[in-house]
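Q: Could you teach me how to read the packing of helices and strands, taking one feature at a time?

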Amino acid sequence: MELQERLYNHLTQIVRDRNPYFASAGHFYVQQYIRQQLEQWGNVELDEFEVRGKVHHNLILSLPGGDPPFKKGGSSHKLHPILIGAHYDTVPGSPGADDNGTGLAVLLELASAIASQPLRYPVQLIAFDMEEYGCFGSDRYAAKLQAENQPLRLMIALEMLGYYDNTPNSQSYPTGLKYFYPNCGNFIALIGNLRTIPDMINLSRNMRQSGSNCEWLPVPNRGLIVPDTRRSDHAPFWDRGYPAIMVTDTANMRNPHYHQKSDKIDTLNLDFLAGICQGLEVGIRCL
């Protein structure tokens, strides 16, 4: 089955109102679909957390790295893991095709590809809950890693990957950035803290070579100067000093269906989405 077809099949299962409070049946259905898909490749941990008396879950698949521990100073050291995440909740009333069905579909395909051919690094693939309410799932997990003194090689948040518009002036930006980036919404953006600049250069180069237009933006001071850069699950990792990158089609700065009932599969560009998925896999393998 071709990649584009597999992504479409994931989307047909994921795209539905899946707000944890107002569409709990859809939310549970998608949670179980993600779990079933990830369990093909290993044990899936249910990372439980509570918000306002309601229990929520992050779904975590941990895959081993292909390289053995390396020797340093006479002792054995393991490579730090790469964490790849995407949220599965939606705002009330939206089927969330782009936000964030596209991120989840790519997460599931990356899980399959990495399980079949491991990276050098161990990988954690995580479906986060409660992003739309303030990144509760990712904040809880980042805090847990910090408390355990667990380093990361890199955190990658997949946040809306499938909306494409080649029309002039279809792309908007936070104040000042329009002078440095294209005015057509025909690219994927990498937004990372300063520690990730070498990785953004590497990823963007590989994604361009795979045929996807790619732009990257380094953000100082945890993104506080440009708050729009903080609007996904990478932000809690920035706040705790981890290297983290958001991969995004820039959400409402391009997609008119953002947080609307109209955020449906037929608004997406599946060629663009498949290209992003392929480019990410190649780029991550080169880290």
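## Reading the sheet and its helices

A: We can, bearing in mind that this is a predicted model. Let us begin with the sheet.

Q: In what order do the strands of the open sheet lie, and which are the edge strands?

A: Strands of a sheet pair through backbone hydrogen bonds, either parallel or antiparallel. Here an open sheet of 8 strands follows the order β1-β2-β6-β5-β7-β10-β8-β9 with mixed pairing, and its edge strands, each pairing on one side only, are β1 (44-51) and β9 (214-219). From one strand to the next the twist averages 20°.

Q: How many bridges join β5 to β7?

A: Strand β5 (residues 82-87) and strand β7 (residues 154-159) run parallel and are joined by 4 bridges; Leu-83, for example, has Met-155 in β7 as its bridge partner.

Q: Which strands does helix α3 lie across, and is the helix largely enclosed or exposed?

A: Helix α3 (residues 97-116) lies across β2, β5, β6 and β7, at about 145° to β5. Since 17 of its 20 residues are buried, α3 is largely enclosed by the rest of the structure.

Q: How do the axes of α1 and α7 cross?

A: Two packed helices are described by the angle between their axes and the distance between the axes. For helix α1 (residues 3-14) and helix α7 (residues 270-285), the axes come within 9 Å and cross at roughly 105°, and the two helices are therefore roughly perpendicular to each other. Among the residues that meet are Leu-3, Leu-7 and Leu-11 in α1 and Leu-270, Leu-273 and Cys-277 in α7; by class, this contact has 8 nonpolar, 2 polar and 1 charged residues.

Conventions. Residues numbered from 1 in each chain as written. Predicted model: local features only at pLDDT ≥ 70, side-chain atom pairs only at ≥ 80, totals over all residues. Heavy atoms only, no water. Axes fitted to C-alpha atoms, helices over the stretch in contact; angles between N-to-C directions. Parallel < 35°, antiparallel > 145°, perpendicular 65-115°, else oblique. Contact = heavy atoms within 4.5 Å. Nonpolar A, V, L, I, M, F, W, Y, C, P; charged D, E, K, R; others polar. Expected span 1.5 Å × (residues − 1). Buried < 20%, exposed > 50% of the residue type's maximum accessible area, 1.4 Å probe, protein only. Pairing = 2+ DSSP bridges.
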